[in-house]
Amino acid sequence: MAIPPFERFYEAHAGEVLGYLTRLLGRQFAEDAWQETFLRALRAYPTLRHGEHLRAWAFTIATRVALDERRRRRPVAGEVPEVPVVDGRPAYAELAVHTGALPRKERAAVVLRYGYDLDYEQIGAALGSSAEAARQAASSGVRRLRRTHADLA
Amino acid sequence: MQISPDLDRRFRDAAAAGGLLDAAYDLVDSPVGTLLVAATDRGLCRIAYTPDPDALAAALGPRVLRVPSRLAPARRQLDEYFAGERRVFDLPVDLRVPAFQRDVLRELARVPFGALATYGELARRIGKPRAARAVGGALNRNPVPIVLPCHRVVGARGALVGYAGGLDRKRTLLALEGAGTRE
């Protein structure tokens with residue numbers, strides 16, 4: 001598949017990636033991380049060899065920016081960003097509001113799997129780990145959510 | 001999630017300011033249809049009658065992004081031209097064409113508003129009097145029509161002959177400039 005003009009890539013994924021980053025980081029930090037995500041994508045764009053899996057690629061970059069961002073902000077321990085429901089995903093909305101307290105990798109894994117339907121190969125790539133490690137992060141995240149929110153069980 | 005217009009604009013401007021684009025472009029409405037107008041950091045590089053970023057990316061590279069602020073001077077001058085308020089464009093042009101075509105386009109740029117030249121005359125002016133047909137080919141691939149006015153070039157007897165954007169557009173542009181043609 002040919003690499004589309006960056007404009008098409010941006011139009012196709014900008015909104016969804018902003019929603020994802022808002023869930024991970026809260027609205028206050030999401031916009032900067034979102035801009036950084038698409039600037040990184042633009043820098044890397046000439047190195048793409050084909051136009052497949054660009055959506056997962058966008059989420060991968062966003063996840064790395066978000067993890068960097070959270071690492072930088074780690075001194076503010078225990079902070080749980082406000083997680084608004086940002087788009088029309090009613091089945092997921094209920095889960096989303098509870099992921100704020102999860103460890104960052106588990107949180108990204110849960111949100112990517114259940115919020116954006118990425119497979120574990122793609123989530124593994126985003127987290128810089130294997131598909132199996134991504135699966136474990138997501139299921140451990142879900143177990144933790146079930147423990148703390150009995151109503152989700 | 002909706003990207004706010006302000007956030008969208010900030011990203012597009014940052015992408016262009018960072019020198020990360022193969023070309024920035026915008027779409028400009030005109031009496032000859034919607035134009036795709038593109039520029040590199042060095043100047044205007046494309047005016048296309050087919051407003052399609054895929055064709056732009058195929059020619060210049062995949063990092064093409066709509067950045068209206070970067071094309072604001074070109075848009076303003078085109079608007080003025082179509083409103084009859086501008087006869088000469090004052091825009092840097094980034095021509096990436098073979099030497100022969102560059103010679104033709106430089107000579108073309110000297111044909112003034114409202115005037116006509118023939119393919120043969122342009123061939124003579126670049127010192128290649130027998131190259132009228134090749135001049136026609138070079139004009140047909142003009143990357144920045146209107147600003148480089150290939151619509152002002154006609155056949156030996158004054159007939160419109162051809163235009164990459166179609167003869168209707170050529171006729172419209174010449175009428176706008178008040179140039180007389182024979183058909």
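In which sense do S1(B) and strand S4 (residues 64-66) of chain B pair, and over how many bridges? In this predicted model, the two strands run in the parallel sense and are joined over three bridges. The briefing below treats the contact between chain A and chain B, then the strands of chain B, and finally the surroundings of Leu56(B).

**Interface between chain A and chain B**

- Chain A contributes 26 residues to the contact, and chain B contributes 22 residues.
- About 2000 Å² is buried between chain A and chain B, with carbon and sulfur atoms giving 68% of this area.
- Nine residue pairs in polar contact, both residues at pLDDT 80 or more, are found across the interface of chain A and chain B.
- On the side of chain A that touches chain B, the elements giving two or more residues are helix H1 (6-25) and helix H2 (27-44) of chain A.
- H1(A) supplies eleven residues, the largest share of that side of chain A.
- By class, the side of chain A that touches chain B comprises 14 nonpolar, four polar and eight charged residues.
- Five salt bridges are counted between chain A and chain B.
- A salt bridge links the side chains of Arg8(A) and Asp54(B), with an N to O distance of 2.3 Å.

**Strand S1 of chain B and its partners**

- Strand S1 (residues 23-28) of chain B is largely enclosed by the rest of the structure, because five of its six residues are buried.
- Within the parallel pairing of S1(B) and S4(B), Ala23(B) stands opposite Val64(B).
- S1(B) also pairs with strand S2 (residues 35-40) of chain B, in the antiparallel sense and over five bridges.
- Leu27(B) has Leu36(B), in S2(B), as its bridge partner.
- Six residues lie between S1(B) and S2(B), which together form a hairpin.
- Gly33(B), in the turn of this hairpin, has a positive phi of about 100 degrees.

**Leu56(B) and its surroundings**

- Leu56(B) belongs to helix H2 (residues 53-60) of chain B.
- The relative accessibility of Leu56(B) is 3%, under the 20% cut-off, so this residue counts as buried.
- Beyond its neighbours within four places in sequence, Leu56(B) is in contact with Tyr25(B), Leu36(B), Ala38(B), Arg46(B), Gly61(B) and Val64(B).
- Among these contacts of Leu56(B), Leu36(B) is the bridge partner of Leu27(B), and Val64(B) stands opposite Ala23(B).
- Leu56(B) and Cys45(B) are separated by eleven residues in sequence and by 9.9 Å in space, C-alpha to C-alpha.

Key: Residues numbered from 1 in each chain as written. Chains lettered and ligands numbered in written order. Predicted model: local features only at pLDDT ≥ 70, side-chain atom pairs only at ≥ 80, totals over all residues. Heavy atoms only, no water. Contact = heavy atoms within 4.5 Å. Buried area = accessible area lost by both parts, 1.4 Å probe. Salt bridge = Lys/Arg side-chain N within 4 Å of Asp/Glu carboxyl O. Polar contact = N/O pair within 3.5 Å; in protein donor to acceptor, adjacent residues only side chain to side chain. Helix = DSSP H or I, 4+ residues; strand = E, 2+ residues; numbered from the N terminus. Nonpolar A, V, L, I, M, F, W, Y, C, P; charged D, E, K, R; others polar. Buried < 20%, exposed > 50% of the residue type's maximum accessible area, 1.4 Å probe, protein only. Pairing = 2+ DSSP bridges.
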